[in-house]
Every structure is written in C-alpha cells, then in structure tokens.
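The following exercises introduce a molecular structure through worked solutions. Please keep the sequence and the structure in view while working through each step.

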Amino acid sequence: MSGTRITDNTPMAVTRSRLPDRDDFYRLLDGIFERGWLTNNGLCVRNLERELGLFLGTEPPLACVNGTVALMLALHVAGLDGKKVALTPYTYVATLSALLWQGCRPVFVDVNPATLCLDPAKLDEAFEREPDIAGVLPVHIYGMACDVEKIGEICSRRGAVCLYDGAQAFASWLHGRSLLDYGDLSICSFHATKLFHSAEGGCVLGAKYHEALTRARAFGHVGDTHYTLGINAKMSELNAAMGLAMLPGTQREVEMRKNAHAAYDALLDGLPLQRPELLTGQDWNHAYYPVLFPSGKLREKALGALLARGIQPRRYFYPSLNTLPYLEAGLRRPCPAAEDAAGRVLCLPLYGEMPEADIRLVSDVVRGAFSA
Ligand code: T4K
C-alpha cells in the first residue's frame with residue numbers, strides 16, 4: 001500500500017472546483033466594468049444563454065441564480081404548487097426542498113436498484129394508488145439518464161407534468177440528445193462543485209413554458225406592466241461571466257474525468273463494489289465516482305479509513321430522503337431500494353485534474369478496508 005498523500009497536507013475533498021482561464025474571465029469582467037450593468041438580463045447572461053443552447057443543442061436555457069430556485073420556478077409555472085408530486089428519494093436534499101417550498105405534497109417512489117433512478121414500474125403503481133399525482137420529478141442521478149422513454153409514456157398517459165432535475169446532468173447525452181432536453185421542463189445546477197459552473201447558478205428549460213418562466217424569473221413584470229406572480233431568480237452578470245469563461249473547457253473536463261474513472265476502475269478491479277448502471281445509448285458526463293459497498297458496515301469502515309488519511313469522500317446521497325426526520329410521518333413511506341443504496345454508497349474524490357497518485361492512494365485505502 002502506498003504511503004501518505006504525495007501532493008500536500010490539505011485534505012483531499014470529494015471534488016475541487018475547476019477554474020476558468022484567468023485572462024478570459026478578467027476580459028469578461030472588464031466588459032462588465034465598461035458597461036456598468038451588473039444584473040437584470042445583461043449582455044453576459046444573454047451571451048451565456050445563447051452559448052449554452054449551442055452547446056446543449058437546445059433552445060437557449062434561462063439562466064437562474066441557482067438550481068434550487070430554478071426548480072421552484074419550474075414547479076410554479078407548471079402549476080404544481082400545492083399539488084402531489086412524485087419524486088425519487090435518492091437525490092440531493094434540494095430536490096425535495098424546492099418541492100416543499102412550493103407547498104407540494106411529495107410522493108416518494110422507489111428507485112431501480114441497478115440504475116438508482118426512479119423506477120417507472122413503481123411510478124405506475126403510485127399513480128394507481130394516488131391518481132391525483134399532478135407532476136413527476138425524476139433525477140438524472142450522478143448525471144446518469146433516467147428511463148426517459150417509460151417515464152415520458154407514463155406521464156403522458158396519466159396527464160402529469162414531467163419535470164426532470166438535471167442538476168448533475170450537464171454534458172450528459174442520451175442517443176445524442178442532452179438529458180436537459182427531455183421532459184416538459186428540466187433544470188440544471190451550475191454550482192461551483194459541478195463540472196460546468198458559474199460559481200452559483202443554474203438554468204431552466206421548457207419550450208412550452210418559456211414565456212411564463214421568463215416573466216416569473218424577474219418578479220413577473222416588464223417595466224410597469226405586471227403580468228403574474230414572480231420571484232427574483234435572475235443570474236447576475238458576474239456569475240454569467242464565470243459561466244462564459246468556464247464553458248469552453250467543459251468537454252475537456254469530461255474527458256479528464258473519464259480518464260480518472262478508468263484509472264479508478266482499473267485500481268479497484270476485483271473488489272465487490274457495485275456501480276450504478278448506465279442506460280444503453282448514454283454518453284455520460286462522469287460527474288461523480290459512486291461505488292456501493294456490499295454492506296453499510298464496510299462502507300463505514302472504508303469511510304473511516306479514508307478520513308483518517310485526510311481523504312474526504314461523501315455519502316452522496318445519504319440519507320434516503322423518505323426517511324428525513326422533519327417530514328410529516330405520513331410522507332415517510334418505505335423505499336427499500338433507495339434506503340439500501342443510501343446506506344452503502346460512497347462517492348470517491350473526483351475532478352478532472354486529480355493527480356493519478358491521489359487516485360491510487362484512495363484506491364489503496366478502499367482496498368485495505370476489504371482486507372483488514
Ligand atoms: N438537485 C440536485 C440533484 C442537486 O445535486 C443539487 C445540488 C440541486 C438540485 C441544487 O442545485 P444548487 O441550488 O446547488 O445549484 C454540493 C453542492 O452545494 C450542491 O450544488 C450539489 N447539488 C450537491 C450534490 O453538492 P455540498 O454541501 O456537498 O458541497 P460542499 O460545500 O461540501 O463542497 C464539496 C467539496 O467541493 C468541498 O469539500 C471542496 C469542493 N469545493 C466546494 C466549493 C463550495 C470547491 O473546491 N470549491 C468550492 O467553491 O453540496
């Protein structure tokens with residue numbers, strides 16, 4: 001087994017933010033200084049939206065202040081406030097928080113144990129039990145595609161709005177199409193921890209709702225004419241400048257993460273670690289490196305050993321959200337597959353520039369947890 005970390009004494013976090021080329025970023029900031037325009041649909045935001053549309057092959061997405069608020073906006077314009085919305089419990093807490101802030105009633109639907117995405121068969125069962133479910137909120141977890149075909153078919157048949165949380169799915173494709181292009185609406189996060197980011201930020205897409213989203217994103221008024229209830233979900237020029245400077249390096253980041261994945265795969269080969277399954281036809285962004293240990297006990301053992309060496313993996317996504325203590329008891333229905341995965345998962349450190357020596361060290365410590 002190799003020794004201590006080679007690079008430095010700082011902890012090795014689950015990820016490290018990618019930074020843009022400094023000159024590119026400063027040039028964009030110079031433009032902001034010259035124009036004296038800091039927010040409210042400024043030039044950088046408009047340029048970012050255009051560039052994102054070109055990158056994704058979609059309509060220009062609407063840039064937002066973050067992914068959580070983008071989700072709240074999407075729920076609102078889709079008319080889902082206060083209604084029943086089916087969602088996966090295996091996700092980051094923000095998916096649920098957005099839903100609760102909009103006064104929706106969450107209906108947890110368990111995941112497929114192989115893909116860890118919402119299970120379409122269980123979704124259909126949920127509609128049988130509760131035909132008044134008005135919306136479905138699946139998550140492309142780790143940037144891996146949900147079964148969009150089956151979920152789409154169920155939503156159309158049941159007359160429910162399909163809203164994808166694609167917070168982790170930037171630069172992930174299914175059959176050559178961006179994952180953000182599926183569903184009636186979808187959102188993405190551009191948080192600093194994402195492979196493409198604008199420090200804080202996010203976006204929402206949904207052709208049918210474009211005008212409603214545009215208005216609701218900026219207080220619901222244009223000049224003195226008030227059209228609708230709105231909120232402040234706008235992205236600032238500073239965040240848009242960061243996004244513009246970051247976008248060109250995105251595909252390279254994906255490639256580097258792919259290489260880091262390959263290195264992990266080789267070094268962990270032979271260990272009984274489960275990986276979430278990809279759908280056929282997916283070109284994955286390799287946003288995270290999740291592994292499921294054979295038991296919760298082994299996961300905790302590996303986690304302890306890694307932390308002791310200054311390595312900070314994360315239990316993304318633990319706990320399964322249907323078990324959260326602050327939920328009304330009636331909402332906490334069991335989701336055995338999600339609870340099982342949440343109890344065994346660990347996301348190992350990953351970012352594009354991660355030194356191979358660090359990947360080796362993490363892998364050695366994980367391997368050690370199996371042998372001791
Ligand atoms: N839906 C889903 C499915 C999501 O995954 C998320 C967000 C959302 C909705 C909501 O989107 P946003 O409203 O956030 O746009 C992180 C992120 O804050 C969050 O955006 C993300 N998902 C979630 C999965 O992870 P934490 O609390 O784990 O991050 P934190 O601060 O512990 O950072 C992790 C590591 O990243 C640090 O140890 C070091 C590194 N780091 C972090 C920051 C903030 C950097 O290198 N630079 C940085 O600036 O939540």
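**Exercise 1: Helix α11**

Task: determine which residues of helix α11 (residues 336-344) are buried, and what covers them.

Step 1. Within helix α11, the buried residues are Ala337, Ala338, Ala341, Ala342 and Arg344. Buried means under 20% relative accessible area, exposed means over 50%, and partly exposed lies in between (1.4 Å probe, protein chains only). Helices (H or I, at least four residues) and strands (E, at least two) are DSSP runs, numbered from the N terminus.

Step 2. The cover over these buried residues includes β13 (289-292), α10 (296-308) and β14 (345-348). Contact here means heavy atoms within 4.5 Å.

Two remarks on the basis of the values apply throughout. Residues are numbered from 1 along each chain as its sequence is written, and side-chain values use heavy atoms, with hydrogens and water left out. The model is predicted: local features need pLDDT of at least 70, side-chain atom pairs count only at pLDDT 80 or more, and totals for chains, interfaces and linings use all residues.

**Exercise 2: Helix α8**

Task: explain why helix α8 (residues 237-246) is described as largely enclosed, and identify its surroundings.

Step 1. Eight of the 10 residues of α8 are buried, so the rest of the structure largely encloses this helix. The buried residues are Glu237, Ala240, Ala241, Met242, Gly243, Leu244, Ala245 and Met246.

Step 2. Those residues pack against α1 (22-35), α2 (43-56) and α9 (250-267).

Step 3. At the N-terminal end of α8, serine 236 acts as a cap: one of its side-chain oxygens lies 3.3 Å from the backbone nitrogen of leucine 238. A polar contact is a pair of N or O atoms within 3.5 Å; within protein, one must be able to donate a hydrogen and the other to accept it, and residues adjacent in sequence count only if both atoms are side-chain atoms.

**Exercise 3: Serine 198**

Task: locate serine 198 and decide whether serine 198 is buried or exposed.

Step 1. The loop between β8 (185-189) and β9 (202-205) holds serine 198.

Step 2. Serine 198 counts as buried because its relative accessibility is 0%.

Step 3. Residues up to four places away in sequence aside, serine 198 touches Phe190, Met235, Asn239, Met242 and Gly243. Of these partners, Met242 and Gly243 are among the buried residues of α8.

**Exercise 4: The ligand**

Task: find which residues come nearest to the ligand, and describe its polar contacts.

Step 1. There are 26 residues around the ligand, of which Ser17, Thr68, Asp165, Ser189 and Tyr316 come nearest. A residue is near a molecule or strand if one of its heavy atoms lies within 4 Å of it.

Step 2. An N or O atom in the side chain of aspartate 165 is 2.7 Å from a nitrogen atom of the ligand. For tyrosine 316, a side-chain N or O atom is 2.4 Å from a ligand oxygen atom. Histidine 191 places a polar side-chain atom 3.3 Å from an oxygen atom of the ligand.

Step 3. On its own the ligand has 930 Å² of accessible area, and the protein covers 75% of this. Accessible areas come from the Shrake-Rupley method with a 1.4 Å probe; for residues, only the protein chains shown count as cover.

**Exercise 5: Tyrosine 264**

Task: describe where tyrosine 264 lies and which residues are in contact with tyrosine 264.

Step 1. Tyrosine 264 belongs to helix α9 and is buried, with a relative accessible area of 0%.

Step 2. Neighbours within four places in sequence aside, tyrosine 264 is in contact with Tyr289, Leu348, Pro349, Met354, Ile359, Val362 and Ser363.
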